[in-house]
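Me: I want to learn how to read a structure from its computed features. Can we work through one together?

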Amino acid sequence: MEGTAEYFSLSLYPDKRWWKDNFPTDVETNYWDQCKEHLKSTDDNLKSQLCFGSEKRVIPVFAGYSFALNLVSNYVSSKNKDISDIRELFTIEPSEFIEYYKLNLNL
């Protein structure tokens with residue numbers, strides 16, 4: 001949901017996310033390694049750290065938003081789709097976004 005919201009807002013407005021440079025490839029790889037172990041977690045404390053950041057886990061601020069945007073952007077570019085109606089993205093299962101992400105990383 002957050003990735004779709006980010007994707008949509010960036011299609012309308014200039015990118016003014018001050019945290020966007022906090023998520024280089026090596027940080028994203030570390031982030032994904034931590035996330036994939038907890039994809040079905042319902043632990044709100046853990047989810048909060050993964051979404052909003054955690055010094056202890058070496059996760060930058062708003063990493064979850066950056067990662068979610070990467071998931072959606074990767075899906076759209078992998079499918080070579082023009083999204084004419086943003087609501088299309090809300091009908092896709094989250095697991096499908098993740099599968100396309102893993103394919104892109106050759107995992």
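The dialogue below goes from the overall fold to one helix and then to one loop residue.

Reply: Keep in mind that this is a predicted model. Start with the secondary structure.

Me: How many helices and strands does the protein have?

Reply: Count the elements, then read their order. The protein has six helices and zero strands. Along the sequence the pattern is α-α-α-α-α-α.

Me: Why is the protein said to be as compact as a globular protein of its length?

Reply: Compare the radius of gyration with the globule rule. The radius is 14 Å, and the rule gives 13 Å for 107 residues. The two are close, so the protein is as compact as a globular protein of that length. For the extents, take the principal axes: the C-alpha trace spans about 40 × 30 × 25 Å.

Me: What share of the contacts links residues far apart in sequence, 24 or more positions?

Reply: Take the contacts with a separation of 6 or more; residues 24 or more positions apart account for 59% of them.

Me: What do burial and surface look like for the protein?

Reply: Burial is a per-residue label, with a cut-off of under 20% relative accessible area. Buried residues make up 33% of the 107. The exposed area is about 7,200 Å², and carbon and sulfur atoms supply 52% of it.

Me: How far apart are the mean positions of the positive and negative charges?

Reply: Average each sign on its own. There are 12 positive and 17 negative charges, and their mean positions lie 1 Å apart.

Me: Now one element. What span does helix 4 reach, and what is expected?

Reply: Check the rise per residue. Helix 4 covers residues 63-78, 16 in number. From first C-alpha to last it reaches 22 Å, close to the 22 Å expected at 1.5 Å a residue.

Me: Is helix 4 mostly covered or mostly uncovered?

Reply: Count buried residues. Twelve of the 16 are buried, so read it as mostly covered. Among them are Tyr65, Phe67, Leu69, Leu71 and Tyr75.

Me: Which helices do those buried residues pack against?

Reply: Look at the partners. The buried residues of helix 4 pack against helix 1 (2-12), helix 2 (25-35), helix 3 (44-52), helix 5 (87-90) and helix 6 (94-105).

Me: Last, a loop residue. Where is Val61, and why does it count as partly exposed?

Reply: Val61 sits in the loop between helix 3 and helix 4. Its relative accessibility is 37%. Partly exposed runs between the 20% and 50% cut-offs, so the label fits.

Me: What does Val61 touch?

Reply: Leave out residues up to four places away in sequence. Val61 then touches Trp18, Trp19, Asn22, Phe52 and Gly53. For a C-alpha distance, take Gln49: twelve residues from Val61 in sequence, 9.0 Å in space.

How values were computed: Residues are numbered from 1 along each chain as its sequence is written. This is a predicted model: local features need pLDDT of at least 70, side-chain atom pairs count only at pLDDT 80 or more; totals for chains, interfaces and linings use all residues. Side-chain values use heavy atoms; hydrogens and water are left out. Helices (H or I, at least four residues) and strands (E, at least two) are DSSP runs, numbered from the N terminus. The radius of gyration is taken over C-alpha atoms; the globule rule is 2.2 Å times the number of residues to the power 0.38. Buried means under 20% relative accessible area, exposed over 50%, partly exposed in between (1.4 Å probe, protein chains only). Contact means heavy atoms within 4.5 Å. Accessible areas come from the Shrake-Rupley method with a 1.4 Å probe; for residues, only the protein chains shown count as cover. Lys and Arg count as positive and Asp and Glu as negative; His and the chain ends are not counted. The place of a charge is taken as NZ of Lys, CZ of Arg, CG of Asp or CD of Glu. The expected span of a helix is 1.5 Å times one less than its number of residues.
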